[in-house]
Structure formats: structure tokens, C-alpha cells
Amino acid sequence: MDEATFLDPKFQNKHSVTSPEALQQLLGDLASPEFLEDVAAGFAQAPMNVRLSPYILSRIDWTNPYEDPIRRQFVPVASTRLPDHPGLRFDSLGEQDDSPTNGLVHRYPDKVLFLALDVCPVYCRFCTRSYAIGGSTDTVDKEGYKPKPERWHKGLAYIASRPEVEDVVLSGGDAFMLPARKLRELLMSLLAIPHVRRVRVASKGPAVMPMKILGDTDWTDALCDAVDHGRKQGQEVCLHTHFNTPEEISYISRDAMDLLFQRGVKVRNQSVLIRGVNDDPARMTTLVKRLSAINVQPYYVYQHDMVKGVEELRTSLADSIELERWVRGTTAGFNTPTFVTDAPGGGGKRDLHSFDYYDETTGISIYRSPSVDPDQYYVYFDPLDRLPAAGRRRWADPDEHARMVKEAVLAAGLSGFEPATPM
Ligand SMILES: *Cc1c(COP(=O)(O)O)cnc(C)c1O
Ligand code: SF4
């Protein structure tokens, strides 16, 4: 097709693929029948719906789809699936427990997460909000966050009533999917609250549909106008995006980020650390350098949350720590991401290295988060297939599970503390 058609965001939306049949039709003989069968079985088992833009499909190397880092993130296959760790649960971050109104998470004293909607331009297999995002699937019934005025008003009223809330993360779902008018309305409503000092718009859009920033001028103007309006009032509006691999950065993403840079929009990046995708030093370092080159500041790299159904994508904490050692020092400190674990059960983000205890054999790490709750501890589990044989043997025996956690808590010196999630 011609370039202008491909760069039209309406074309990208209209031709996004949501079923194995559509994918098969599009790929034709680019992919083998065995691979396509594997994908169809993967779709049926996945906790997330699938939605793939033509752009994202064009970034996949179809001569080697099994190894491709973009395929791994977005296209499920059944054959690589591993059994879930027994400690996994939906909503592993406990967001629903920290919500004063539906779709507003208030966990830290001065910041809130405003979940404005529940759809995204593409769906990531590893989504930490697979409990709510992207519509129900064969395996999960989802509550969902609709962009309804009544729900938004409740969220805004809550923020207005809490003068300590300075920082709002507008997320979802993905603000890319909000019509320009709604995005403008929501940002202006937030900026009208004087104690709101910073608003971040979270969107994976720049990584999966960057042509929208170049082509949907209404949407881009809504964002840039809010940035300008906020700046005049001393409030920061910025964009937080989600690139995971260097292959996601094309000339189109560069042009889109150049446009935002010229219009004064600060863009930061939050990556998820994913096995086989960005967990080796060369790839992660290249990502950091390429982001820096397009004026996107690498902010966080997240330890993969304990999400069900994607066990083959998680790394062990030991592997993540080793990766961080390689990345730090390769470029400017302010462009070096902080590696964090979102402590399961609602502890919030913790520096990966700040565990109270870590046992590489059982794969259990224990964190505290005193600013969220000084009396609790939080437990993260490495994926079982990354453990040494001695650790895997213990996890094979259900009677050992609680004992291993108890040992770790004792070794951490935290036996007087409460578990954030019951074992
Ligand atoms: C991640 C997150 C924030 C923002 O945290 P930062 O560390 O400031 O980026 C706010 N609220 C919730 C519930 C979060 O998960
Ligand atoms: S873009 Fe974000 S919210 Fe949407 S599916 Fe991906 S990780 Fe989940």
C-alpha cells in the first residue's frame, strides 16, 4: 500500500486485528500453518483480548515469529505457555482495594491513578490490569472502566476534596483511545483543581501507533494545549509512554517524538522487563540509548508483575538485578531508568534492590513499604522454571509453600509484621 494510507491513524484503527482468523488472512503464507494454529490456541487461552495494529504487525520479523520480541509481547501462542506460579492472582497489585471510587486508585499520600477508560490501541499480553482492561475473554470476566461522565465526575470530585493530592496519573486503558474532546475536557478539569500540580497522561500510543500523533491533529492539539495551559499556571502536564524494545522505535516514532519535543511536551518512558524481549544487556542498553536519542526519558523498568497466564515472560529478581548492573553507567544518569518492583498486594513501587530478604533457591523476595504501610511486608515470587532444582522440588510440594514464605519472613527479621496478601 502507499505510505500515506499506512500513516493514516484511521486506517490503523480500522484494520487492527482482533481474531486469529483475521491475522491468518492478513499474513497469508508469511507465517506457517503450524504457527497460525499455535496462535489460534494461544488466543483461546489468553486472559487478555488481542488487538494488533497493522503498524505493530509490520514491526514483527515473520521469518522468525517465535523469537521476535514484538510478537512475544502481543501475539499469544499456546506452545510456550508455562503453568502459573501458585502465588499468582488477578489484580496482583491490589488496585481494587485501594480505590475510593471505581477506577481511581489512591495508594500513595500525594498521588492518584485515574483509570479513565478500559481500552487500548493494542493489548499487551502481560498487562497488569488484565483484571479490567480490554473486555472479557473466554477465561476472564472483567469489570471494566468505561469513560462515563458520572464515573469521571466522582473521580474528579474525590481529587478536588483531597488537597494532599498533587499528582494525577491519567491511565487506563490508554488515553490514546479518548476522543480529543474528552481528553481536553478531562485535562482541563484536572488543571482547574489548584492543588493538582502534575498530570501525567499514560499512553502506549507512541510505541504502537505513533502516526496518530502526527496525523490526528485534534488529539495532539488537545494534549499540547493542556501542556501550554498548565505551564502558564505552573502545573506540569506530560506524557508517559511504554516502549519495551529498540525495534518499536521507527522513523515514524522519531517524527512523532520530535513533534512533541518541539511543542514542549515532556515524554518519559516506563518499560516492563520481559524475558526474551528486553532482558539482555545489549537490548536494554540499546533501548535506553534510542529513547534518549528521541528525547524520551527512560524513567522506570518494571519487574514483571505476577500476572496470570504469561509465566514465560517473567524474569527472576536475580536476573533483573544483573541486568541493571549492565545498564547503569552506559549513559547520562538522568536517562538511566530506575528498576522497580510493584510490590504485590499494594505496596507500590520499590527499588528492585531494596528487598529485606531474597532467597534465590525458593525465588522468594520480601519487601517493606513503610510510606504505604509500616506494618506490612510484601512477597514477590520468581518464576518457577528459573529456579534451581532444589527450589522447584520444594514448590512441587504444596505443604512446603507456606513454610518457605515463613522461613523467608523469619530470615528477613519481619515475623512481627503482617502479610499484605494471605498465603
Ligand atoms: C505507579 C503509580 C503511581 C505513580 O508512581 P510514580 O512512582 O510517581 O511514578 C501512582 N499511583 C499508583 C497506584 C501507581 O501504581
Ligand atoms: S497499553 Fe497498558 S493498559 Fe493497555 S494492555 Fe498494554 S499494558 Fe495494559
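Asparagine 295 is partly exposed in this predicted model, with a relative accessible area of 32%. The residue lies in the loop between α13 (281–293) and β7 (296–302). Although asparagine 295 is not a glycine, its phi is positive, at about 60 degrees. Most residues other than glycine have a negative phi, and most peptide bonds are trans. A departure from the second of these rules is found at glycine 172 and glycine 173, which are joined by a cis peptide bond with an omega of about 15 degrees. Glycine 173 belongs to the loop between β3 (167–171) and α8 (180–191).

The protein chain as a whole contains 16 helices and 13 strands. Its radius of gyration is 21 Å, which agrees with the value near 22 Å for a compact globule of 423 residues. Along the principal axes, the C-alpha atoms occupy a box of roughly 60 × 60 × 45 Å. Of the 423 residues, 57% are buried. The accessible surface amounts to about 17,300 Å², and carbon and sulfur atoms contribute 51% of that area. Among contacts between residues at least 6 apart in sequence, 77% link residues at least 24 apart. The chain carries 49 positive and 59 negative charges, and the mean positions of the two sets lie 4 Å apart.

Two domains are assigned in the protein chain: domain 1 spans residues 3–80 and domain 2 spans residues 95–352. Their centres, taken over C-alpha atoms, are separated by 23 Å. Contact between the domains involves 30 residues of domain 1 and 46 residues of domain 2.

Tyrosine 55 was examined next. This residue is located in helix α5. Tyrosine 55 has a relative accessible area of 1% and is therefore buried, the limit being under 20%. When neighbours within four places in sequence are left aside, the contacts of tyrosine 55 include Phe6 and Gln12, as well as the run Ala207, Val208, Met209, Pro210 and Met211. Glu248, Ser250, Ile252 and Ser253 are also in contact with tyrosine 55. By contrast, isoleucine 159, which is 104 residues away along the chain, has its C-alpha atom 37 Å from that of tyrosine 55.

Serine 250, one of the residues in contact with tyrosine 55, is placed in the loop between β5 (236–241) and α12 (251–262). Serine 250 counts as buried because its relative accessibility is 7%, below the 20% limit. Outside its neighbours within four places in sequence, serine 250 is in contact with Tyr55 and Arg59.

Glutamate 67 occupies the loop between α5 (54–58) and α6 (69–74). With a relative accessibility of 47%, glutamate 67 counts as partly exposed. Residues up to four places away in sequence being excluded, glutamate 67 touches Arg72 and Gly276. Glycine 276 is 209 residues from glutamate 67 along the chain, yet the C-alpha atoms of the two residues are separated by 7.5 Å.

Conventions:
Residues numbered from 1 in each chain as written. Chains lettered and ligands numbered in written order. Predicted model: local features only at pLDDT ≥ 70, side-chain atom pairs only at ≥ 80, totals over all residues. Heavy atoms only, no water. Helix = DSSP H or I, 4+ residues; strand = E, 2+ residues; numbered from the N terminus. Rg over C-alpha atoms; globule rule 2.2 N^0.38 Å. Buried < 20%, exposed > 50% of the residue type's maximum accessible area, 1.4 Å probe, protein only. Contact = heavy atoms within 4.5 Å. Areas by Shrake-Rupley, 256 points an atom, 1.4 Å probe, with all protein chains shown as cover. Lys, Arg positive; Asp, Glu negative; His and termini not counted. Charge placed at Lys NZ, Arg CZ, Asp CG, Glu CD. Domains from an automatic or database assignment.
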